[in-house]
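Ready for some practice at reading a protein structure? Try each exercise yourself before you look at the worked solution.

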Amino acid sequence: TYNGSSKGEYRERTIPVGSFGANQFGLHDVHGNVWEWVQDCWNTSYNGAPSDGSAWTSGNCSRRVLRGGSWSNEPQHLRSSIRDRNRSVTQAANNGFRVARTLPR
């Protein structure tokens, strides 16, 4: 559990998208199913990061950022602010991605 919350079911695997209700942004299963690959190159801190929400395309681009934690992590790692890195060619049962697109303004 995390921060005094009730204990949930340990499913020991990924679950189908939409198994839980959407958050306030309309997104399903944001944390804890799989680590999600993002476009950002790895940097050890946020110093020099883009302030407009765009991808950080400089730094160690042989390593890419993963966010959100997965079913195999402890609860304190299941949040959008958690990040890790790995070579972009790495495959794992707990790594995935979320398809996104930029909408016109």
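**Exercise 1.** Work out whether Asn-95 is buried, partly exposed or exposed in this predicted model, and find its contacts outside its close sequence neighbours.

*Solution.*
- Step 1: Locate the residue. Asn-95 sits in strand β4, which covers residues 95-96.
- Step 2: Look up the accessibility. The relative accessible area of Asn-95 is 17%.
- Step 3: Compare with the cut-off. Buried means under 20%, so Asn-95, at 17%, is buried.
- Step 4: List the contacts. Once you skip the neighbours within four places in sequence, Asn-95 touches Val-34, Trp-35, Trp-37 and Leu-66.

**Exercise 2.** Find the disulfide, give its handedness, and say which strands it links.

*Solution.*
- Step 1: Count. There's one disulfide in the structure.
- Step 2: Name the partners. Cys-41 and Cys-61 form the disulfide, and their sulfur atoms are 2.0 Å apart. The cut-off is 2.5 Å.
- Step 3: Check the twist. The S-S torsion of Cys-41 and Cys-61 is about 95°, so you call this disulfide right-handed.
- Step 4: Place the two ends. Cys-41 belongs to strand β1 (residues 35-42) and Cys-61 to strand β2 (residues 60-67), so the bond ties together parts that are 20 residues apart in sequence.
- Step 5: Look at the accessibility of each partner. Cys-41 is buried, with a relative accessible area of 2%, whereas Cys-61 has 30% and counts as partly exposed.

**Exercise 3.** Which residues line the largest cavity, and how do they split by class?

*Solution.*
- Step 1: Count the cavities. There is one cavity of 30 Å³ or more, and the volume of the largest cavity is about 30 Å³.
- Step 2: Read off the lining. Asp-40, Cys-41, Asn-43, Tyr-46, Trp-56, Val-65, Arg-67 and Arg-83 line the largest cavity. You've already met Cys-41 as one half of the disulfide.
- Step 3: Sort by class. The lining of the largest cavity has four nonpolar, one polar and three charged residues.
- Step 4: Link the lining to the strands. β1 and β2 each give at least two residues to it.

**Exercise 4.** Describe the largest pocket: its volume, its lining, and the element that supplies the largest share.

*Solution.*
- Step 1: Get the volume. The largest pocket comes to about 1600 Å³.
- Step 2: Look at the lining. A set of 48 residues lines the largest pocket, and Val-30, His-31, Gly-32, Asn-33 and Gly-68 lie nearest its centre.
- Step 3: Sort by class. You should get 19 nonpolar, 17 polar and twelve charged residues for the lining of the largest pocket.
- Step 4: Trace the source. β1 supplies the largest share of the pocket lining, with five residues.

**Exercise 5.** Track down the salt bridges, then sort their partners into buried, partly exposed or exposed.

*Solution.*
- Step 1: Count. Searching the whole structure turns up two salt bridges.
- Step 2: Take one pair. The side chains of Glu-9 and Arg-11 form a salt bridge, at 3.7 Å from N to O. Glu-9 is exposed at 58% relative accessible area, while Arg-11 is partly exposed at 33%.
- Step 3: Take the other pair. Arg-85 and Asp-84 also meet through their side chains, at 3.7 Å from N to O. Arg-85 is partly exposed at 41%, and Asp-84 counts as partly exposed at 31%.

Note on methods: Residues are numbered from 1 along each chain as its sequence is written. This is a predicted model: local features need pLDDT of at least 70, side-chain atom pairs count only at pLDDT 80 or more; totals for chains, interfaces and linings use all residues. Side-chain values use heavy atoms; hydrogens and water are left out. Helices (H or I, at least four residues) and strands (E, at least two) are DSSP runs, numbered from the N terminus. Buried means under 20% relative accessible area, exposed over 50%, partly exposed in between (1.4 Å probe, protein chains only). On a 1 Å grid over the protein atoms alone, a cavity is a set of points where a 1.4 Å probe fits but cannot get out, and a pocket is an open set with protein on both sides within 12 Å along at least five of seven lines; lining residues have an atom within 4 Å of a point. Grid points are joined across faces, edges and corners, and a volume is the space filled by probe spheres set on the points. Ala, Val, Leu, Ile, Met, Phe, Trp, Tyr, Cys and Pro count as nonpolar, Asp, Glu, Lys and Arg as charged, and the others, Gly among them, as polar. Contact means heavy atoms within 4.5 Å. A salt bridge is a side-chain nitrogen of Lys or Arg within 4 Å of a carboxyl oxygen of Asp or Glu.
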